[in-house]
Amino acid sequence: MASTALSEGTTRGTHHDVPVLPNFIGGRWVESSAREFQEVTNPARGEVIARAPLSSAAEVDQAAAAARKAFPAWRDTPVVARAQVLFRFKVLLEEHFEELARTVTTEHGKTLDEARGSVRRGIECVEVACGAPSLSMGYSLENISSGVDCQAYRQPVGVCAAIAPFNFPAMVPLWFLPFAIATGNTMVVKPSEQVPLSQKRMIELLEQCGLPPGVVNLVNGGREVVEAICDHPEISAVSFVGSTPVARAVYRRATHSGKRVQALGGAKNFVVVMPDADWDRAIPVITESFYGCAGERCLAGSVLLPVGEAHAKARERLTESAGALKVGDGTQSDVDMGPVISGRHREKVLGYIEKGVAEGAELLLDGRQVRVRDRENGFFVGPTIFDGVTPEMAIGHEEIFGPVASIHPVRTLEDAIAVMHAHPNANATSIFTSSGRSAREFARHASASMVGVNIGVAAPMAYFPFGGSKDSFFGDLKVHGRDAFDFYTDKKVVISRWF
Ligand code: NAD
């Protein structure tokens, strides 16, 4: 969400009786000098729970200076000692697991189980980063010429920055932070101004792990902070996750100022179901793919492509399954789907449903009228399904980022793959089939770089690289896995001869 101007959820002054979040610079929590604030809302209740300052470029400068100052000593700290900080961090994240999951649910709205899953995925990144002594090894070759040896070392790149979206308040920051500091870099992190509480809590825990001041700094804010990060001469690398237009802009601006950049963008994910799918197993998984986290996942299914005879069954079974989901406050254990992030986003999703109707798609399930008892102010949208959707319709090609499924029937698997290829985004895709041949063809020819076979969400695994392709990813090295060790280090080659 752009946040330069005052907009919904943005306030001036200090009249609300909710905490104003501090920045963390040089090892101290400091009040921001911001004059504008973004309200942080519990989306299930529609209640303001905190205010995030929209900090200035000057505050980015202070954070970058603190990170720059901390860099030489942290770089020279043996990698095993850096890993020990992360082992302690992992212990504290486990001890505070439930609290973190609850914070995620409170500021984002997803169900507690979904929040737990996301915190678990984040902790796995810390675990993998603890392997930095092995994973940051270089390589060598003796006697490349008579009496001459050659070694390649990995060295940290300097001050790195990570900019996060709203939809995974704890997990996405952990795609970057543990790997960057394990490899000896220092950091400036910027949470989404809509969900800054989980990241604040994680930095408080990290503070207790013996991290020297300035190694990690947090600056709250929006567009001004992002642009200052992109331009800052002391920042060497930028990791960004968010929508495609902003990812593209960040990639251009930060590479223009000489940084290495990985920018993960938005998605429109296609899920193919073949007539030979194991329907009883597939339908719950497909339902979860489209409606999990209220559709606010960059890996969420968005367009269902039933092949041939699969159409009638897909339409009937998905409508039945989605219609049975209980919508409500994600903190309640019997709830299947929480609210969307904000009133503004709810309006946007409802607008897409209006457009789908106007463009002539058949509305099989209408989530517009959903009301939740005792949560009248929550930002709820019920599960929605359209059939007869084509790529020309807005709901067929734009990212809705809400609980709206579009069914686009196709004749063959090749047609399904062609529909996917025609879309500019290529983040994730799945196929449901009992044919190894169809699965293999699909995986080989899919444009998206995260592929699920009888899996609804090909989720990020900390020990593998993660990221899309085409307009869903700008850069070359993806996030976490071995790519993280490449992204956060530069390779120095030393050629030696001793006389
Ligand atoms: P967003 O692009 O609005 O915001 C992302 C970050 O950029 C935030 O920190 C925000 O403060 C900042 N920002 C917003 N507008 C900006 C601007 N004009 N200039 C500079 N910075 C700006 O995204 P969001 O709404 O927070 O998150 C949802 C989007 O993120 C969806 O498109 C989703 O698909 C995508 N996403 C992608 C992945 C992935 O792995 N590819 C993962 C999660 C989310």
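Hi everyone. Before I show you anything, one term: I'll call a residue buried when its relative accessible area is under 20%, exposed when it is over 50%, and partly exposed in between. By that cut-off N42 is buried, because its relative accessibility is 10%. Please keep in mind that what you see here is a predicted model.

So where is N42? You'll find N42 in strand β4, which covers residues 36-42. And which residues does N42 touch, once we set aside its neighbours within four places in sequence? N42 is in contact with E47, I49 and T106. For a sense of distance, take P284, which is 242 residues away from N42 along the chain: the two C-alpha atoms are separated by 28 Å.

Let's step back to the whole chain. Its secondary structure comes to 17 helices and 23 strands. The radius of gyration is 23 Å, close to the 23 Å that the globule rule gives for 499 residues, so the chain is as compact as a globular protein of that length. If you turn the C-alpha trace onto its principal axes, it spans about 80 × 65 × 40 Å.

How much of the chain is buried? The figure is 59% of the 499 residues. On the outside, the chain exposes about 20,100 Å², and carbon and sulfur atoms supply 52% of that. If you think about charge, there are 51 positive and 57 negative charges, and their mean positions are 4 Å apart.

What about contacts across the sequence? Taking contacts with a separation of 6 or more, 73% are between residues 24 or more positions apart.

A152 gives us some contacts to look at. A152 is found in strand β7, residues 148-156, and it counts as buried because its relative accessibility is 9%. Leaving out neighbours within four places in sequence, A152 is in contact with G138, Y139, K492 and V493. Now try A152 with V404: they are 252 residues apart along the chain, and their C-alpha atoms are separated by 50 Å.

Now for the aromatics, which are fun to find on the screen. The structure holds nine aromatic pairs. One of them is F24 with W29, a tilted pair at 4.7 Å centre to centre, with 45° between the planes. Are these two residues buried or partly exposed? F24 is buried, with a relative accessible area of 6%, whereas W29 counts as partly exposed at 26%.

Another pair is Y251 with F474, also described as tilted, at 6.3 Å centre to centre and 35° between the planes. Which parts of the chain does this pair link? Y251 belongs to helix α10, residues 244-256, and F474 to strand β22, residues 473-474, so the pair connects distant parts of the chain, 223 residues apart. Y251 is partly exposed, with a relative accessible area of 28%, while F474 is buried, at 12%.

There is an aromatic cluster to look up as well: W175, F176 and F466.

If you'd like a route through the model afterwards, begin with N42 in strand β4, move on to A152 in strand β7, and finish at the tilted pair of Y251 and F474. Thanks for listening, and I'm happy to rotate the picture for anyone who wants another look.

Conventions: Residues numbered from 1 in each chain as written. Predicted model: local features only at pLDDT ≥ 70, side-chain atom pairs only at ≥ 80, totals over all residues. Heavy atoms only, no water. Helix = DSSP H or I, 4+ residues; strand = E, 2+ residues; numbered from the N terminus. Rg over C-alpha atoms; globule rule 2.2 N^0.38 Å. Buried < 20%, exposed > 50% of the residue type's maximum accessible area, 1.4 Å probe, protein only. Contact = heavy atoms within 4.5 Å. Areas by Shrake-Rupley, 256 points an atom, 1.4 Å probe, with all protein chains shown as cover. Lys, Arg positive; Asp, Glu negative; His and termini not counted. Charge placed at Lys NZ, Arg CZ, Asp CG, Glu CD. Phe/Tyr/Trp six-rings, centres within 6.5 Å; stacked < 30°, edge-to-face > 60°.
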